[in-house]
Amino acid sequence: SVKRRMKVNVPVYMSYEKLRADETIHTDIIEPLVNTGKIYFKDNYIFINDKYEGIHVIDNMDPTNPQNISYITIPGNTDISIKGNLLYANSFVDLVVIDISNIENAIEVGRLEDAFPYNYPVIENEYGAYGVDDEKGLIVGWELEEMAIEEEEIYYSNTVDVMMTDDIVMEASADVKSGADNASTGVGGSMAAFKLYDSYLYTIHQSSNIKVFDITDGLNPVEGESVYVTWGIETLFIKENKLFIGAQDGMYIYSLVDAHLPSYISQFSHIRSCDPVVVEGDYAYVTLRGGSSCGGFENQLDVIDISNINAPELIKTYTMHNPHGLGIDSTTLFICDGDEGLKIFDASDPLKVTDNQLNHFEDIDAFDVIPLGGHLLLIGEDGLHQYDYRD
């Protein structure tokens, strides 16, 4: 076959030895918030993911003056959950356990190797990838090079099963403390793909499965069941003993009565789109966002009646601009409407949500929120914002 000179993306690798070396996960010099991803809150600390790099730790004892106190380097990280003093994080293919009892000196105390699928970073140009070899290590980036190669040796992104969809991987509404044991868990945003319940950690696996890890022995997570849901699942939200899964084709509801094996209850289907979900009382609120990696053109808020959990029913759809994460506290609904900022609604009448806009904060690019009973955390393109919403 014929070789020709062409530009290709050549992998930049990190070896498995380096990923798993003692000093790889460490407390680093404090960096400003730049490439912000998901957000998590526990015990007056805010944890903000820096996509694929690590976690910023913010001391929020005084919300008017938050202090950036620590930065934990975790290569390949997009999601975290915390139980007691143990922080669970993905680091490329591994699940790592980090002791944060001394938050300014976080230490890796456990690791489950190969807990997650091997993913390739997003390719940001139109050229294909060349020389991909999982054995050589983890691909941490790409270098564009020109070389003489045979056409059939090139991968294009649509032929690679597991491209990291930048838009989704780190997305996040707040689940309150769950489980009856003493080690409290924190609160994630509506874009979260990690959720703790009882002594189990639920994660999204290969965009299609819920992978369960048993963390009864906190330092030694054990791989549990993997439950197929549908292709394109993105976000997890737990309310009472139910797991609400936001997928590109709808919302799926699973029972956690038998926590080690989530079981299907029902689903609500919609057109293909990105959609986090939050739940309050008899209603689930789902935002659909078009124009992203999920396909679809709709930008809307769906309100779904879940009073009969076996037959969720759409009761109203509202047009939105470009909604991302959302949060609900009693009847107050917070929506991150992309570059139109934060919109706050009175949702006490689900049929008249947008008629009752309480407030609108413009000039921010809002990604996700965590409402904390009068105090709202918002993560956006330009960092962390906090609001007092008691009035």
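This is a short chat about a predicted model, covering one serine, one sheet and one pocket.

Me: What kind of model is this, and how are residues numbered?
Reply: The model is predicted, so local features need pLDDT of at least 70, side-chain atom pairs count only at pLDDT 80 or more, and totals for chains, interfaces and linings use all residues. Residues are numbered from 1 along each chain as its sequence is written, and side-chain values use heavy atoms, leaving out hydrogens and water.

Me: Where is S208?
Reply: S208 sits in the loop between strand 16 (200-205) and strand 17 (209-214). Strands here are DSSP runs of E, at least two residues, numbered from the N terminus.

Me: Buried or exposed?
Reply: S208 is buried, with a relative accessible area of 10%; buried means under 20%, exposed over 50%, partly exposed in between, using a 1.4 Å probe and protein chains only.

Me: What does S208 contact?
Reply: Not counting neighbours within four places in sequence, S208 is in contact (heavy atoms within 4.5 Å) with V227, Y228, V229, T230, W231 and I233.

Me: New topic: what order do the strands have in the open sheet of four?
Reply: The order is 23-24-25-26, with antiparallel pairing; two strands pair if DSSP finds at least two bridges between them. At the edges are strand 23 (277-280) and strand 26 (313-319), each pairing on one side only.

Me: How many bridges join strand 24 and strand 25?
Reply: Six, linking residues 283-288 of strand 24 with residues 300-305 of strand 25. T287 stands opposite L301 in strand 25.
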